[in-house]
Protein chains: 2
Amino acid sequence: MAQVIIGHPAVRTDAVEKVTGAALYAADLDFPGMLCGKASRSPYPHARILSIDVQAARRVPGVVAIATGRDLDALGGEAVKDMPFLAMDRVRYVGEPVAAVAALDEQTAEEAVKLIKVEYEELPAVFDPVSAAQNDAPLIHENSEGYEHIGAVKILPHSNIVNFSEEKQGDVARGFAESDYVFEDTFTSHTAHHGQIEPHCAIAQWGADGKLTLWTPNDGPHRLRKDLSDALKMPLTQIRVIVPYLGGGFGGKGGLKVEPIAIALARKAPRRPVRVVLSREEVFATTLVRHAVVVKIKTGVKADGTLMAREVIGYWDTGAYAEKGPTVSMQATATAAGPYRIPNIHLVGYCVYTNKAIAGAYRGYGTPQVTWAYESQMDIIAKRLNLDPVEFRLKNIVHEGDALPTGQPGHSIGMEECLWRVAAELKWNEPCKPGHGKGIAITSKNTKTPSGSAAYVAFNQDGTANVLTSTVEIGQGAKTIFAQIAAEELGIPLEKISVSQADTDTTPFDSSTTSSRSTFHMGNAVKAASADVKQQIISLAALTLGCKPEDLVANGGAIDFAADPGHQIPFQSILKKCYGAGGSVLGRGFYYPATEKDSGMWSAPSVFWMYGAQGVEVEVDRETGQVRVLKLVAAHDVGKAINPATCAGQIEGGAVHGMSIALFEQVLMDQGRITNANFHDYKLATPMDMPEVVSIIVEAPHRDGPYGAKGVGEPVLSPTAAAIANAVERATGIRIYDLPLTPERVFSAIEKSDRVGVK
Amino acid sequence: MAQVIIGHPAVRTDAVEKVTGAALYAADLDFPGMLCGKASRSPYPHARILSIDVQAARRVPGVVAIATGRDLDALGGEAVKDMPFLAMDRVRYVGEPVAAVAALDEQTAEEAVKLIKVEYEELPAVFDPVSAAQNDAPLIHENSEGYEHIGAVKILPHSNIVNFSEEKQGDVARGFAESDYVFEDTFTSHTAHHGQIEPHCAIAQWGADGKLTLWTPNDGPHRLRKDLSDALKMPLTQIRVIVPYLGGGFGGKGGLKVEPIAIALARKAPRRPVRVVLSREEVFATTLVRHAVVVKIKTGVKADGTLMAREVIGYWDTGAYAEKGPTVSMQATATAAGPYRIPNIHLVGYCVYTNKAIAGAYRGYGTPQVTWAYESQMDIIAKRLNLDPVEFRLKNIVHEGDALPTGQPGHSIGMEECLWRVAAELKWNEPCKPGHGKGIAITSKNTKTPSGSAAYVAFNQDGTANVLTSTVEIGQGAKTIFAQIAAEELGIPLEKISVSQADTDTTPFDSSTTSSRSTFHMGNAVKAASADVKQQIISLAALTLGCKPEDLVANGGAIDFAADPGHQIPFQSILKKCYGAGGSVLGRGFYYPATEKDSGMWSAPSVFWMYGAQGVEVEVDRETGQVRVLKLVAAHDVGKAINPATCAGQIEGGAVHGMSIALFEQVLMDQGRITNANFHDYKLATPMDMPEVVSIIVEAPHRDGPYGAKGVGEPVLSPTAAAIANAVERATGIRIYDLPLTPERVFSAIEKSDRVGVK
């Protein structure tokens, strides 16, 4: 009896461990002789460091090591190597680590840190990305063009612009000229925080043999190993990154966050593990935030609603260090025209240093911010042209074979089905109660391309198998997906597959657990490694049976012998026959998308695109400005849902995440200092705010995806804000251009429109 | 410039870690919430358990869990599944664990263990293997023939004989009839202990998901996983064995030693790690000892010294449980005729249960005990026939192509060179001072066959590589050997290779780190995995260069393009060209010797044989009986010394180990109770006893060994005792038949011979 594995909503393989609290996170780990580390941090957004006096701190009993920036003269950063492990000659944001103490316990470390005296000379700071992009702005990095950086990044010299990106198709000037209407709007998106429940924690240990071991909930263990190898000039094999369970990432747990502090201290306390756990305030202020963005969008359209041209210029407020800002702005810029057929486009992104918390990867990688802009404007246009928003979108959306903004022909495009199904579920054509409104928005997202993933699969004597992968289980259910793929390919039950956690010394290369890429890339690698196992077992069986491998077929974890139908030999019997108790079959798989010759990462067309539509019904309280989402419908094209249960979980969680950012979440800053760096003042959606959520899985299979699968983790967040704003507009007539849609903002807009008599 | 890697005495890759004390052993590990376990142990050699009362122990504050045998109704054992994790209805040796306590600290556990009341009914015990083998002996296992066991083991029903093994060639009766002289002697070898410095320690944790994780210095992590899977009826993937550094094994750290106690307790304390560290006394009494053996040897010889027939009957005192006793006796029996051409042989081994400490694997796997017998007798024969001992041996030793006792034709036989070189180094033909004597002895050893080893090799972007292997670094230098093999095969420097430690969840299958098999078997697997990497890189290069793979040659970590000589492309450049920063090449290798069809493990001819000769000069003090070894020369045929430095270390260490057992070490027992279970009363050779040691590496390359290598770890111990006894005889005229050669024994023999006027 063939079991259904692919497409079956299997229970997550890590469910019991997580539900019972048995899963160990980094801060749960304890090692003999472990020290606790704490950092002394800059109180200024921009200042020169004149001196650091650690004498008083050193005298505190229990202090074992103190580190300052000069101890590790290293610059880190994935795209641009601009960030010292600890500040060297200057600080660029409030909270930047300047020195650190490792002590026998956390209290002692905290006490000692307070005794570190740093003399600063304040420098002029800049907080707004548009101002910071001007020629006369104070330079935050004086020689940024001298930094090492990846080829795809274009740093503009003598400026705060750490990346300029541009995509062009056709001729926008002509497109606008040929349009009947041209719309120009500016939308802003605010600074948000990832709000992971697990705070950042890293344990670093510098072995007597010079090997550096890190235990850290990092979403890219091999990328981290490479970053550290570059920064510290150490071979890859001398750095080991072990990833325990990760308690919420959303993009905020990649690269160098708390790791540099732990490493700097470990270097000064050889052989002793040094653990640094960030406080909630430190997590907010010093790890990562989502880019605030100013998006100027100009769209030309024919009177019949045909999109003719679109120009988008984004100013990405990337904070004090580049981190993934350059690639966020680059990837988002490529998606900034939306999932539409537009013959003439010009998309520009400026990624701009400011003296603020570092912005970088965040679920959606910039796509939510540009979607906010283009999908808000789509409704403005539809209203002006008196078109139904759904009809207007349907008229313009991309289909199979259409040219995408990257120039590549589109493939695996479930856009239309997503839109239809949301409209249907939302009963789009039925009117709302007064004070209610329905809104809709769509999105598309690319994935970083090209990037590689590798996997090992070991088939055991008892018919079980161990899959080795460096994909990090960040709550997305990757372990379950890979178990399903290996089980399907080998034809054995899911329970027989064990999937590793990531450890760069043992689990093979993976680019990173980001960009919604794991199911597609690592899924293909696991599939290939499993196929390699299967092929070897067939060869062994052929030897044993004295026939040709071509005469045999693997089926349900057993070999079918064409010459003797009905006679099945289980894989493990073949192993036993060949090797007694001494056997095993190892497989290896590597997936790297076929791309154009000499294309570097980030610069190539995306190996797949994901599409989605969301719709909401909202109720707006005109007395308070409060927006309440009553129903939230999200349809996403995932190619193929390997596990519909975890897919639906991603869609539901992502849409609610998007709603939370649209309505509640915002990082508030005063002169670069975050003033609400805690979960009391930084408001996340709670169960009290929960609408009825309907998730819809759309499957437009991808020819290169495992079983047709693409990804789902990121786009599920993108259209929500615009859908809500569009619904608010339809409930109230009020168009909001700035996120979030707080009661204050909505109320003041209503009040203003009432005053000027709009509507 | 080609570097020399194979044959180069590379510094051990783990040298710094070990010398600085940074290497972590199991007892160094600490986990949050870890409990300490202690066992209540039998005071009787043989008794029925009437009741176990744990109430008082349970009331001790800090006690978390108590386990008895019935909690885990499981039988373990590699060859014969006869051993309960904790005793169930009866105990069979002094020190057998009966119940165990896990508490918050070790003191509490000890205190509670003392409060466990066990009511016993004593049963008749038997301590001598020859008596125990008789039909009327008390049965130690009442239904041993009902135990599950591997096919090669032959349990004699209704007896204490847990294995009967036999090898036959020719017709010994006729051989003896055709001989001019027939010699019959009985030699005994005593109980010895492994004397590892690191005590046995296991940490067990039973996860919320039902997965059992063990941290234990076990020399066969995959074998342990399999044993536990069988005993506990759990899939292999639900058991994880992690091996930290291992501080001395010598065979005593395989199988189930301290592990069952930790597992039984972990089962009763779910999710909490439970650590059990044995005291030195427990290590002596309850882990493993070397078999005491009674060897009856009968040899027929022509007057010219031609060996005609040999019959050897060994009684192997295997203690209370089978452990590896059956396979020790089996493998040693196959070697018991010695490395000689003898047309008629009959070799018999009885492995016999006694109510004593469990005997099992010990460096040499029984070969030292049979070598002691046959090499002592060879000198008796030579003396009687008035032949020079070296000449007598040279006349009879095996050469390439000769039939071995297993029936297989001999291959890779460096026997003659070993013997010549020892004789030369010892200046054999020059006379000694009075009271001095020179002695010589030779040996040969097989390896368990067939058995498998698997390895992964990952080639990294920076030209380094990670080798994954489950071979355990037990001090033999395996990590360095595999690094050398991978470096040689890939053509890159040794420093670029990192070799894993064993972890059954990630490092692939290996039979065990025993039987001198690792260099040969795992070496071949690592070589194959490296070749797999190289071949893939060549294919990538061919794609990149637009040529055929056949046109390219890998050489020194780079690709030579036949069409463009002199132009070399390093491997990592090819990776970079193909995959940017996103690449890796994975290799896999599996080695399993080609053997006769349907042969099970242990029953097949050995895939390789090792040969060695040792010679000593001793000084015997006739007043005290003290034997002092002045010079110890050891020549061993290793096939090929991949690392001459670690090879020489094995030879030197092994020969001194052999001397220590011959002269000093012995486990003393009184009614089954060990009376010298500590390093004060159990005497190991110290630097004060150290002779001049000369190690000689002989290389008779093996056609299937990596670069010709075989093994070296075990036979280095075998000939020493006989060489010393032969030297003592030549110094004093006294023939000693029983080990060890303590001053008491030698003095009393001298005194007796003086009395009866011999010589």
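This report covers the relation between chains A and B and one helix pair in each chain of a predicted model.

**The two copies**

A turn of 180 degrees, with a shift of 0.0 Å along the axis, lays chain B on chain A with an RMSD of 0.0 Å. The two copies are therefore related as by a two-fold rotation axis. Of the interface residues of chain B, 100% are also interface residues in chain A, so the copies meet through the same surface.

**Helices H13 and H14**

The packing of the helix pair is listed by chain.

| Helix pair | Residues | Angle | Axis separation |
|---|---|---|---|
| H13(A) and H14(A) | 478-490 and 518-545 | about 35 degrees | 9 Å |
| H13(B) and H14(B) | 478-490 and 518-545 | about 35 degrees | 9 Å |

In chain A, H13(A) and H14(A) cross in a right-handed sense. H13(A) contributes A:Ala478, A:Ile481, A:Phe482, A:Ile485, A:Ala486, A:Glu489 and A:Leu490 to the contact. From H14(A) come residues including A:Met522, A:Gly523, A:Val526, A:Lys527 and A:Lys534. By class, the residues of this contact between H13(A) and H14(A) are 10 nonpolar, 4 polar and 3 charged.

In chain B, the crossing of H13(B) and H14(B) is right-handed. The contact residues on H13(B) include B:Ile481, B:Phe482, B:Ile485 and B:Glu489. On the H14(B) side, B:Ser518, B:Thr519, B:Met522, B:Gly523, B:Val526, B:Lys527, B:Ser530, B:Ala531, B:Val533 and B:Lys534 take part. The contact of H13(B) with H14(B) is made up of 10 nonpolar, 4 polar and 3 charged residues.

Key
Residues are numbered from 1 along each chain as its sequence is written. Chains are lettered from A and ligands numbered from 1 in the order in which they are written. This is a predicted model: local features need pLDDT of at least 70, side-chain atom pairs count only at pLDDT 80 or more; totals for chains, interfaces and linings use all residues. Axes are lines fitted to C-alpha atoms, for helices over the stretch in contact, and angles run from 0 to 180 degrees between N-to-C directions. Helices (H or I, at least four residues) and strands (E, at least two) are DSSP runs, numbered from the N terminus. A crossing is left-handed if the near helix is turned anticlockwise from the far one by less than a right angle, and right-handed if clockwise. Two residues are in contact if their C-beta atoms, placed from the backbone, lie within 7 Å. Ala, Val, Leu, Ile, Met, Phe, Trp, Tyr, Cys and Pro count as nonpolar, Asp, Glu, Lys and Arg as charged, and the others, Gly among them, as polar. Copies are superposed by least squares on the C-alpha atoms of residues with pLDDT of at least 70 in both.
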